[in-house]
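Student: I should like to go through this structure by asking what justifies each descriptive term. May we begin?

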Amino acid sequence: MFSFFKRKPKEPAPVPEQPASAPAAPAPAPAAPLTTSPAPASVTPAVATPPAQDVQEVPASAAQPAEIVAAPAPAPEQKRSWLSRLKAGLAKTSSNLTTLFIGARIDDDLYDELEAALLTSDAGVEATLFLLDALKKKVKEEKLTEAVQVKAALKTLLIDLLTPLQKPLVLGQYQPLVMMIAGVNGAGKTTTIGKLAKHMQTHQQSVVLAAGDTFRAAAREQLTIWGERNDVTVIAQESGDPAAVAFDAVASAKARGTDVVMVDTAGRLPTQLHLMEELKKIKRVIAKGMDGAPQEVLLIIDGNTGQNALAQVKAFDDALQLTGLVITKLDGTAKGGVLAAIAKTRPIPVYFIGIGEQIEDLQPFNAQEFVDALLN
Ligand SMILES: Nc1nc2c(ncn2[C@@H]2O[C@H](COP(=O)(O)OP(=O)(O)OP(=O)(O)O)[C@@H](O)[C@H]2O)c(=O)[nH]1
């Protein structure tokens with residue numbers, strides 16, 4: 001049910017036929033500029049792959065007016081299945097946050113319990129205090145008297161807090177779109193790349209992968225085998241310069257007119273400064289291969305990491321200027337509140353969340369769905 005948006009060229013407005021004697025038709029109004037306002041969360045693929053000679057390094061939007069067209073809505077049963085799996089995945093975080101409302105009176109004890117529950121869910125001090133303050137104000141202003149109303153008010157506040165994180169990953173804006181993927185060891189980088197590549201393929205996007213995890217030969221082999229099985233070109237090198245692998249992948253995509261390049265990188269801790277420098281170098285070298293690339297720099301975060309995730313976001317963002325996050329392994333974690341911490345402290349778009357190992361377990365982040373699953 002992965003929802004995509006398609007960017008397609010705008011049809012020129014039809015010019016009505018004029019009789020020879022009629023005054024000249026007025027010049028057509030200039031095409032509306034491509035909207036940059038956030039559309040509903042999703043990945044956004046684009047126009048069909050152009051032939052290699054048409055490959056451009058400027059945004060397609062600059063060359064050709066385009067519009068974003070929503071993909072057809074998913075079948076209701078697929079949507080239900082995702083929502084119920086999301087709910088099941090978030091059950092641990094959810095039970096901490098919801099049981100305290102059962103039969104509760106609205107008093108200091110309730111607020112204390114809620115504070116403890118939010119902190120336990122790793123919402124962090126800043127977001128927790130912000131939510132509690134706003135909630136107390138709302139309870140007073142709206143004269144709420146029932147715990148269930150307080151819970152509903154919390155839901156509204158949480159949706160408001162998380163909605164700025166909801167942003168689509170736009171595909172088709174660049175040829176190719178170059179995505180660099182970073183994160184600590186085991187966060188789910190390679191798995192996420194695989195899932196995204198499959199989703200993109202089903203939406204007629206050609207993909208090339210750069211096996212930039214040159215530390216582990218096994219990682220390179222794993223990606224190469226995966227690519228062979230799934231008909232995705234994988235650029236890998238025996239020798240270990242991840243920046244060179246990324247550069248080659250971009251060159252290959254430009255030559256072949258491939259839509260998307262995803263550059264895998266080896267896992268590293270933000271405290272390993274020389275490895276963070278290596279990431280910066282990979283980014284610089286990609287830019288030498290294509291002006292403005294990588295247009296997307298994603299950090300993959302293990303949802304079980306809790307507050308440490310925030311430290312990761314800050315460190316990787318400082319080093320790489322992240323454009324998006326993917327939060328994996330939200331299934332089975334009690335720390336799903338970390339999204340609130342991110343929203344309050346470093347609101348970088350969360351393009352996708354993962355709740356399992358299957359392809360369909362990675363979906364665009366939707367604040368309303370997420371909070372519904374958390375607080376219902
Ligand atoms: N339960 C669960 N497991 C996941 C999810 N995403 C990834 N995994 C698992 O997490 C493990 C690590 O995933 P990888 O994709 O290898 O992680 P990585 O970041 O590439 O790891 P390194 O290459 O070691 O840095 C694998 O067993 C994945 O199947 C998820 O959303 N839920």
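Tutor: A residue counts as buried if 20 or more other C-beta atoms lie within 10 Å of its own. The model is a predicted one, and in it strand β9 (residues 296–302) is mostly covered, with 7 of its 7 residues buried.

Student: Which residues point one way from β9, and which the other way?

Tutor: E296, L298, I300 and D302 point one way, whereas V297, L299 and I301 point the other way, and all are buried. For the chain, 44% of the 376 residues count as buried.

Student: What makes D122 buried or exposed?

Tutor: D122 has 26 C-beta neighbours inside 10 Å. The cut-off for a buried residue is 20 or more, so D122 counts as buried. The place of D122 is in the loop between α4 (108–120) and α5.

Student: How do you know whether Q321 is buried or exposed?

Tutor: For Q321, 11 other C-beta atoms lie within 10 Å. A residue is exposed at 12 or fewer, and Q321 is therefore exposed. Q321 is found in the loop between α11 and β10.

Student: Why is K138 called partly exposed?

Tutor: K138 has 17 other C-beta atoms within 10 Å. The term partly exposed applies in between the limits of 12 or fewer and 20 or more, and K138 is therefore partly exposed. K138 lies in helix α5 (residues 124–141). From K138 to L310, the C-alpha to C-alpha distance is 28 Å, with their positions 172 residues apart in sequence.

Student: What is notable about the phi values of D122 and Q321?

Tutor: Most residues other than glycine have a negative phi. D122 is not a glycine, yet its phi is positive, at about 70°. Q321, also a residue other than glycine, has a positive phi near 55°.

Student: Which peptide bonds are cis, beginning with the one from Q175 and the one that joins A293 to its partner?

Tutor: Most peptide bonds are trans. The bond from Q175 to P176 is cis, with omega near 0°, and P176 has its place in the loop between β4 (169–170) and β5. A cis bond also joins A293 and P294, where omega is about -5°. P294 lies in the loop between α10 (273–289) and β9.

Student: What makes β9 a paired strand on the side of β5 and on the side of β10?

Tutor: Pairing requires at least two bridges between two strands. Strand β5 (residues 177–182) and β9 have 4 bridges and pair in the parallel sense, with M180 opposite V297 in β9. β9 and strand β10 (residues 324–328) are joined by 5 bridges and run parallel, with L299 opposite L325 in β10. Both counts, 4 and 5, satisfy the requirement of at least two.

Student: What do β9, helix α11 and β10 make together?

Tutor: β9, helix α11 (residues 307–320) and β10 make a right-handed β-α-β unit.

Student: Why are β7 and β12 called edge strands?

Tutor: The open sheet has 8 strands in the order β7-β6-β8-β5-β9-β10-β11-β12, with mixed pairing. β7 (233–235) and β12 (362–364) each have a single partner strand, so one side of each is left without a neighbour in the sheet. Neighbouring strands of the sheet are turned against each other by 25° on average, direction ignored.

Student: How do you know that β6 pairs with β7?

Tutor: Strand β6 (residues 207–212) and β7 share 3 bridges in the parallel sense, and at least two are needed. The bridge partner of V208 in β7 is T233. Helix α9 (residues 242–256) packs on the sheet and touches β5, β6, β7 and β8 (260–265), its direction making about 170° with that of β6.

Student: What makes up the contact of α6 with α13?

Tutor: K151, L154, K155, L158, I159 and L162 in α6 meet A367, Q368, F370, V371 and L375 in α13. The residues of this contact divide into 8 nonpolar, 1 polar and 2 charged. The axes of helix α6 (residues 147–162) and helix α13 (residues 367–375) come within 9 Å and cross at roughly 145°, in a right-handed crossing.

Technical notes: Residues are numbered from 1 along each chain as its sequence is written. This is a predicted model: local features need pLDDT of at least 70, side-chain atom pairs count only at pLDDT 80 or more; totals for chains, interfaces and linings use all residues. Axes are lines fitted to C-alpha atoms, for helices over the stretch in contact, and angles run from 0 to 180 degrees between N-to-C directions. Helices (H or I, at least four residues) and strands (E, at least two) are DSSP runs, numbered from the N terminus. A crossing is left-handed if the near helix is turned anticlockwise from the far one by less than a right angle, and right-handed if clockwise. Two residues are in contact if their C-beta atoms, placed from the backbone, lie within 7 Å. Ala, Val, Leu, Ile, Met, Phe, Trp, Tyr, Cys and Pro count as nonpolar, Asp, Glu, Lys and Arg as charged, and the others, Gly among them, as polar. A crossover is right-handed if, with the strands pointing away from the viewer, the path from the first strand over the helix to the second runs clockwise.
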